[in-house]
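Visitor: Got a minute to go through this one with me? I'd like the layout and then the contacts.
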Amino acid sequence: MKKQIAVIGLEMHCELKSNSKVFSPARNAYNETPNINIAPIDMAFPGTLPVVNKKCVADALKMSMILNCTQPEYMYFDRKHYYYPDLPKGYQITQMTEPVGVNGKIEIEVKEKLIPVYIHDIHLEEDAASLDHYFDTSTIDYNRAGVPLLELVTEPCFHSADEAVAFLEHMRDVYKYCGISEADTKKGQIRCDVNVSIKDEDSDILGTKVEVKNVNSFGGVSDAINYEIKRQTELKEQGRYAEVEQETRRWDEESMQTIRMRSKVDAIDYKYFVEPNIPKYRISKEWLEELKKEIPRLHLERKYDYINNYGLSNYDATILVKEKDIADYFEECLKLNIEAKTASNWITTQILGYINKNDLTIKDIYLTPARLKDLVDLINKGTISSKQAKEIFEKVIKEQKEVKDFITSDSAQINDKEELINLIEEIIKNSPNQVEQYKAGKTNLFDYFVGQVMKNTRGKANPMLTKEILTEKLN
Amino acid sequence: MYLDKSIKELHELLKKGEVTSAELIKESLAKSHEVEEKYNAFVTILDDAKASIITDDLLSGIPFGVKDNFSTKDVLSTGSSNTLNNYVPFYTATVVQKLFDKGAVMVNKTALDEFGMGGTGTTCHTGPVLNPWNRKRMCAGSSAGSACAVASGVYPYALGSDTGDSIRKPAAYCGIVGYKPTYGMLSRYGLFPFASSLDHVGVLTRSVLDAAIVVDAMKGQDKHDMTSWDSRHINLEQALTKDIKGKKLFYIKELVEIENYPKASPELKEHLANFHKTLEIVRGLGIEVEGVNIAKDLLNSIPAVYVILSCAEATSNMSNLTGIIFGPRGTSSKVTDMMMEHRTKGFSPLIKRRFVIGSYILQKENQERYFKNAQRVRRLIVDEMKKLFNIYDGLILPVSSGPAKSFEQNDDVIDENTNVLEEHLQIGNFGGFPSITIPNGFIDNLPVGINITGNCYDDENVLNIAYALESKMNYKGQIAREVEE
């Protein structure tokens, strides 16, 4: 058999952040207590009408622009019909005729290489209620009914689970960067459907497409894709490719396999038509321009900026751009003229270490870029050592004081050259054996002398200066 | 007896203290029970309705009725359907709330064709509503109970809804005024939807002035209804000046010229003759009236376009009726069976038929041929009317092909000859046009009506013309007088 290539497309549903739901005045907030955030329309009480949340439309348009999609001239919505208890109206308000974005393209990074991803469309819709099934009953929680959802549909342009997951991670970061979604898979805010087919390496003809629905973690997406590739390839190897049917399957986390739900032949006719209760709304060029200005610089752009223009490593840059607040902190440091690598080192080691350990965010931390600047300046001037700086770093945060409050004459570094020369001459005088051995070629004894200086000054001697004087005196 | 009077007359009596709100309500409730007994007009009579304080608001202290497809907090709201026969909402429709805020007192909920989906007043879950002029006749629908009650003098006005002609036809059959303003002038929030793009809220009264007063009180942009618009610049009551010299109306020749009906019944002949007689009165007012030709195909398409669009939207709008959250729940343990049982038991056969049509139309493979084409033809009809509204202030036509039909006449049998004459009021719903029916005479002791429809947002003009015409005829404020055939 020829080598097989996987062809994968994704549908990514992401819940948006907003005060109220997308067509309802009820609060949009994750809540453990069921049926707390409900307005009459969320349970489809007769006579209720949808009212579009403009903020959700704005966010959807931003995502459309980020994905380099074409935006429609008019905003309107469609009804998608099916009967199920999670959908009280009997239809979902979504966008089919004129999605908020079509024909997009972005680049993402997979293993330090850029690949293009083609976007079929992105559309704004409402979430359904959540159901829990027990032995002989089911419960319905309408908190989620009407929560704004953006569904992003890619073209079948991925060829491995790694690429697909890299895209999902990329998009998760974009959502977070823009503050459009918390994009937390643990809260069920991101849910995916995956389309997988295989084809001969040299062929342009796509194989039979299998859809795997409701995969709710990125790990699950990866496993489901790999499972399907393996299942389809094995059937093909055995000459049983006809058994791969165009069908809908679901990912079962426990058994780690995909399970058939229904054939595409039995696909539901959703009987779409334009929602008559929401008048067409013209999207002006001016509004789009305004929204565009609100889009922050995104992580990939920042990352390449840091690498190419500030000389950071891919590794460090990746850490810095992971969260917008961290990248913003870093850029604030640059504005204050803290040297890029120094700032990067402080952030990636001390600051992130501290906030992770104490479960804080970088915004909470008392050590602002301006205070970090004070600290770094003192090191550069030689007033304090790096070791001291680290101690002061923690003190500033814990005691919420300024850096200068911790610089006393006692703690200050010894930078007085006279003082150090006297001390070093004293040490050399008291260590004739070591001096002799050193001069005989045992140069690693140099560290012994440095150690002696530090011991005598309780670590406060300026190490650079110490080494300079020692070199002079010993040679 | 006071409730045969107009709103302004009642308001003055209340202001002077010649009658109290409590007395009006007592009279209205007594009359409600009498009308319920005789004509079966109500779903609920609110015997505990409370008097309200008399203010400068014309509607304060005065009783009124609400069609039972409006959501009213703590009051049973059934849509005249068994699917909601136990449904007590916890919110009140915007238009009803606006009347409450002005001190108006709701005394009953009126029966309708199930969810407004009928034109006979016979498909209410509480049984058919009888015509107060003649109990062997229908009121037409769907606002049958409201029309019957206003015509009977239960109160000066009742709320209705109008998707095809559901206010304006029963008004004609009951000898009263029925007015639906431009789409979006009155909020639909709390109106149980039938076909959202065609549904209008409106009012049934015994005079044009009362219709203007009530709609003035209810109108306004509603944050719960995106299709509502700001109408602060419109004051219908003040617009009623009778200053109508130089206005122009048109009628559609194909519909009202008797030679187009070779097999015309004596009733139809009389109806059309009466229409032309009324046109003479209109001309006497200094209004120019002209006959206009409209392509026969376009006219003939009206009923089909209506059936397609209304059934499609209705199928969708009523998907929420599953009995899971509200309404009587099915007994099966399987959720699909539960829904099936609720809907099978709850809906009347007429509605089920419409759902089948609606689902068929919306199927992927049929949408283009039926649904999309119907939308296109709707647009053609509306464009044609708008062109004419550039020249004319309004369209004037007779309502229906005669007076109220008897219960023996089967409404399901379509008479191809008079089909469009029966259904032309649907034009007003296609375009969202303001449209008012007023009584213009009697045939066989049964009232008949005439309709004036104008361009969107031109409600003041349309009402003023109707007001002037009304003043030259003797049917304003009439109360049904029951006669035997």
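Visitor: Which domains does the assignment give for chain A?
Guide: This is a predicted model. In chain A, the assignment gives domain 1 (4-289), domain 2 (297-406) and domain 3 (417-474).

Visitor: What separates the centres of domain 2 and domain 3 of chain A?
Guide: Taken over C-alpha atoms, the centres of those two domains of chain A are 34 Å apart.

Visitor: Switching to the interface. How many residues does each chain put into the contact?
Guide: Chain A gives 30 residues and chain B gives 39 residues.

Visitor: And what area is buried between chain A and chain B?
Guide: About 2,700 Å², with carbon and sulfur atoms giving 66% of that. On the side of chain A that touches chain B, there are 21 nonpolar, five polar and four charged residues.

Visitor: How many salt bridges and polar contacts across it?
Guide: The rule finds zero salt bridges between chain A and chain B. For polar contact, 13 residue pairs turn up across that interface, both residues at pLDDT 80 or more.

Visitor: Now the cores. Which residues have the most contacts inside the largest nonpolar core?
Guide: B:Leu99, B:Ile396 and B:Ile436, in a core of 157 residues.

Visitor: What does B:Leu99 touch?
Guide: Leaving out residues up to four places away in sequence, the partners of B:Leu99 include B:Leu59, B:Phe64, B:Tyr157 and B:Met218. There is also a second, separate core of 108 residues, with A:Cys178, A:Leu298, A:Trp346 and A:Phe393 among them.

Methods. Residues are numbered from 1 along each chain as its sequence is written. Chains are lettered from A and ligands numbered from 1 in the order in which they are written. This is a predicted model: local features need pLDDT of at least 70, side-chain atom pairs count only at pLDDT 80 or more; totals for chains, interfaces and linings use all residues. Side-chain values use heavy atoms; hydrogens and water are left out. Domain bounds come from an automatic or database domain assignment. Contact means heavy atoms within 4.5 Å. Buried area is the accessible area (1.4 Å probe) that two parts lose on being put together, summed over both. A salt bridge is a side-chain nitrogen of Lys or Arg within 4 Å of a carboxyl oxygen of Asp or Glu. A polar contact is a pair of N or O atoms within 3.5 Å; within protein, one must be able to donate a hydrogen and the other to accept it, and residues adjacent in sequence count only if both atoms are side-chain atoms. Ala, Val, Leu, Ile, Met, Phe, Trp, Tyr, Cys and Pro count as nonpolar, Asp, Glu, Lys and Arg as charged, and the others, Gly among them, as polar. A nonpolar core is a set of buried Ala, Val, Leu, Ile, Met, Phe, Trp, Tyr and Cys residues joined through side-chain atoms within 4.5 Å. Buried means under 20% relative accessible area, exposed over 50%, partly exposed in between (1.4 Å probe, protein chains only).
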